[in-house]
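Let's work through a few exercises together, one small step at a time. Have a look at the structure first, then try each task before you read its solution.

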Amino acid sequence: MTDSRAALARLRTCWSECVCCSRSTQSRARFATWCSPKRLMTAFKGVWTQEFWRSVAAEFTAMLIFVLLSLGSTINWPAAGAEHPPAPNLVLISLCFGLSIATLVQCFGHVSGAHLNPAVTAAMVVTRNLSVAKAVFYLLAQCLGSVVGAAVLYGVTPESVRGGMGVTMVNTNISAGHALVVEGFITFQLVFTVFASCDPKRSDLSGSPALAIGLSVCIGHLFAIPYTGASMNPARSFGPAMVTWCWDNHW
């Protein structure tokens with residue numbers, strides 16, 4: 001009886017080792033197939049073209065200009081003879097952000113699609129309008145452009161009036177969870193506006209998609225600045241956070 005049990009235990013052990021070995025072999029085979037040169041070249045198809053790199057350069061340039069202009073509207077310059085700068089102008093900041101986006105979408109839309117926002121790029125990947133490989137370069141260009149734009153603004157602005165440099169901050173009267181909900185809603189309405197206003201299947205569009213997207217950004221800022229500073233754009237928040245090294249609630 002004891003010998004039978006020992007034999008059964010050895011059989012189970014052998015079977016387990018065989019299964020594990022088989023699974024390991026299959027996993028290695030899958031990994032080798034996925035990482036094969038042919039598969040990688042297919043994934044990066046269209047990346048090694050002049051047209052694509054022109055699009056990446058457009059995303060970088062547009063993001064640089066956007067961050068420089070829009071964050072510049074958050075700088076509080078004191079009036080002549082005044083000891084303290086005025087309170088931030090909510091309407092001024094919202095219009096500057098919205099009109100900047102509308103103008104840049106109009107200027108760069110035919111080159112790169114003028115995403116100017118990692119959230120838009122991610123949505124394009126999810127809807128299969130952009131490959132993952134291309135999206136990676138778009139995201140890098142957007143973040144780098146944001147950092148350079150914030151750095152330029154930091155360099156040309158006197159230290160006495162820099163303030164927070166437009167770093168998005170959560171209002172102390174609300175929790176991080178509430179702030180996340182606010183950011184989720186305003187980012188969703190922006191991405192939804194982008195897709196709705198650029199849908200090629202719609203025949204009722206007669207206005208300017210760029211203006212609609214810009215107004216969407218403006219509305220989001222008018223609502224959310226008191227809550228979170230209205231990021232709506234991870235790259236827009238990343239630039240000033242990197243330059244000022246302020247990472248509070250940077251999620």
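**Exercise 1: Aromatic pairs**

Nine aromatic pairs are counted here, where rings of Phe, Tyr and Trp (its six-membered ring) pair if their centres lie within 6.5 Å, and planes under 30 degrees apart count as stacked, over 60 as edge-to-face and the rest as tilted. Your task: classify the pair of Phe52 and Phe137.

*Solution.* Start with the distance: the two ring centres of Phe52 and Phe137 are 5.8 Å apart. Next comes the angle: the planes stand at 85°, so the pair is edge-to-face. Now place the rings: Phe52 is in helix α3 (residues 50-72) and Phe137 in helix α6 (residues 132-156), 85 residues apart, so this pair links distant parts of the chain (helices are DSSP runs of H or I, at least four residues, numbered from the N terminus). Finally, check the burial: Phe52 has 6% relative accessibility and therefore counts as buried, and Phe137, at 19%, counts as buried too (buried means under 20% relative accessible area, exposed over 50%, partly exposed in between, with a 1.4 Å probe and protein chains only).

A word on the source: this is a predicted model, in which local features need pLDDT of at least 70 and side-chain atom pairs count only at pLDDT 80 or more, while totals for chains, interfaces and linings use all residues. Residues are numbered from 1 along each chain as its sequence is written, and side-chain values use heavy atoms, with hydrogens and water left out.

**Exercise 2: A pair within one helix**

Now describe the pair of Phe223 and Tyr227.

*Solution.* The centres of Phe223 and Tyr227 are 5.2 Å apart and the planes make 40°, which is a tilted pair. Both residues belong to helix α8 (residues 209-228), four residues apart, or about one turn of the helix. Phe223, at 41% relative accessibility, counts as partly exposed, and so does Tyr227 at 34%.

**Exercise 3: Two packed helices**

How are α3 and α4 oriented to each other?

*Solution.* Begin with the geometry: the axes of α3 and α4 are 10 Å apart, at an angle of about 170° (axes are lines fitted to C-alpha atoms, for helices over the stretch in contact, and angles run from 0 to 180 degrees between N-to-C directions). The two helices are therefore roughly antiparallel (angles under 35 degrees count as roughly parallel, over 145 as roughly antiparallel, 65 to 115 as roughly perpendicular and the rest as oblique).
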